[in-house]
Amino acid sequence: MKSIKRLKRKSSLVADAVRADILSGKLRPGDRIKSIRELAVRFKVSARSAQTACELLEQEGLLECRHGDGTYVRPPRAGRDNTIYFLVPHAGHLTLNHETSVMLRHMLAGAIRAAGPGQMVHPLPVLRANRVNISQNPELVDWPLLERIPRGANVFVSGAWYERIIPFLIERGVRGVYLSSQYEQQHPANWRLVRQAEWKVAVIDRQAAMQQAVQHLHAGGRRRLAAIKRVPDQPDHPFRQGFIAGLESCRLDFDSVQFCEYDPNAPGDRPAMIFDLWQRVRFDALVLCAAELAPDAYAVLTGRAGLHIPRDVAVLVYRDLPENSALRPALSAFDFNWETLGGAITRLFNDADCGGRETRFQASIMERASTRPPTEKQ
């Protein structure tokens, strides 16, 4: 198992570097890349790791292997360009373990599998630097690279994070598919532009997802529910509205003290916030709308609060990340099938009649030990 993980890690390092060279223009369509042996020597990895990296980039549509002749950067398809330009924050983003990286990686895989014969799904980075915010660092937008997007091209934009470049894309008349997380009140101007440009919209129904989460916990015998969400002062947020709707559907009363919000960028004691919520509500179920809170929540509930998960309190988190199931007891999640969604994105571009102007996607519950009903044998 460790050798497999080590192989994946090393092949990812090679793929990340070669991908960055392609996306930055250092390697151009038609260029021959180094041989497997040369890549292995350059990155000090095994030939198997280098081969796995090339196979990954070939699956992404960035490379093509010509038998007996070598591996080349894949050129654009002749004739009308039906490439799907799949925007990512930066060249290395898809290799990270951040929750949005995991989401985009699965979506990209699904989009590639659904692509038509000869169709390329091309990940395109927006920023020249890693781990920065596009709103706070607009000077790092890689405009020369973005200008290579042909006018009228297919462009997938995964939400309002890309607000700085949406006007640029609309000016180029691209055929856009926009991933909506149901909270466009934060960026109303760009949302109007997207609608006016008649982009197709893929909606992840977070309000229905939260309502489903509440109903799932209630069906397991929980009656005093609480939730924690990033970013304060968002009364119309789909998670808050879904939490309220879920309680109402279960004939439970809502009190604003049950729904806690925090600023992820402000200094603060998250364990203290979680314990304070426990003291005020004495909840028997906690919904975490941010996966980053899971370790703190486990530590506080089983330590300072002296509770047993799931006998005393159930814990359910948004986003099904690998580290969720590694916790003990394993953490239940509610999330969307991102690979299925990625395939649907490709079909929205390729089928003019697919889904109309708006396509809505529903989440699923991944039931694990942290939400089993109290009546079950532990």
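Select Leu 87 and Leu 124 to begin: Leu 87 stands opposite Leu 124, which belongs to β4. The model on the screen is a predicted one. Widen the selection to strand β3, residues 84-88, and to β4; the two run parallel and are joined by 5 bridges.

**The parallel sheet**

Now display the whole sheet around this pair. It is an open sheet of 6 strands, ordered β4-β3-β5-β6-β7-β13, and its pairing is parallel. At its edges are β4 (121-125) and β13 (358-361), each of which pairs on one side only. On average, neighbouring strands of this sheet are turned by 20° against each other, direction ignored.

Next, add residues 99-114, which form helix α4. This helix lies across β3, β4, β5 (154-157) and β6 (175-180), and it runs at about 150° to β4.

**The nonpolar cores**

Select Met 107 and show its surroundings. Beyond its neighbours within four places in sequence, Met 107 is in contact with Phe 86, Phe 156, Leu 179, Trp 338, Leu 341, Gly 342 and Ile 345. Which residues of the largest nonpolar core touch the most other members? They are Leu 87, Met 107, Ile 149, Ile 165, Leu 169, Trp 338 and Ile 345, in a core of 71 residues. Helix α13, residues 338-350, supplies the largest share of this core, with 6 residues. A second core of 31 residues is separate, and includes Cys 260, Met 273, Ile 274 and Leu 288.

**The mixed sheet**

Keep Cys 260 selected and add Ile 228: Cys 260, in β9, is the bridge partner of Ile 228. Strand β8, residues 225-230, runs parallel to β9 and is joined to β9 by 4 bridges. Extend the view to the full open sheet, whose 6 strands follow the order β9-β8-β10-β11-β12-β14 with mixed pairing. The edge strands here are β9 (259-262) and β14 (364-366), each pairing on one side only. Between neighbouring strands of this sheet the average turn is 20°, direction ignored.

Two helices deserve a stop. Select residues 294-304, helix α11: this helix lies across β10 (285-288) and β11 (314-318), and runs at about 160° to β10.

Then select residues 238-249, helix α9. At 1.5 Å a residue, its 12 residues should span 16 Å, and the end C-alpha atoms are indeed 16 Å apart. Colour the buried residues of α9: Pro 238, Phe 239, Arg 240, Gly 242, Phe 243, Ile 244, Gly 246 and Leu 247. These buried residues pack against α8 (206-219), β8, β9, β11 and β12 (332-335). Just after α9, stop at Arg 251, which takes a positive phi of about 60°.

**The hairpin and the cysteines**

Move to residues 63-66, strand β1, and residues 70-73, strand β2. The two strands run antiparallel and are joined by 4 bridges. Arg 66 has Gly 70, in β2, as its bridge partner. The hairpin of β1 and β2 has 3 residues between the strands, and Gly 68 there takes a positive phi near 80°.

Finally, select Cys 54 and Cys 65. How many disulfides does the structure hold? The number is 0. Why is Cys 54 not bonded to Cys 65? The sulfur of Cys 65 is the closest cysteine sulfur to that of Cys 54, but the distance is 8.3 Å, too far for a bond. Is Cys 54 buried or exposed? Cys 54 counts as buried because its relative accessibility is 8%, the cut-off for burial being under 20%.

Methods: Residues are numbered from 1 along each chain as its sequence is written. This is a predicted model: local features need pLDDT of at least 70, side-chain atom pairs count only at pLDDT 80 or more; totals for chains, interfaces and linings use all residues. Side-chain values use heavy atoms; hydrogens and water are left out. Two strands pair if DSSP finds at least two bridges between them. Axes are lines fitted to C-alpha atoms, for helices over the stretch in contact, and angles run from 0 to 180 degrees between N-to-C directions. Contact means heavy atoms within 4.5 Å. The expected span of a helix is 1.5 Å times one less than its number of residues. Buried means under 20% relative accessible area, exposed over 50%, partly exposed in between (1.4 Å probe, protein chains only). A nonpolar core is a set of buried Ala, Val, Leu, Ile, Met, Phe, Trp, Tyr and Cys residues joined through side-chain atoms within 4.5 Å. A disulfide is a pair of cysteine sulfur atoms within 2.5 Å.
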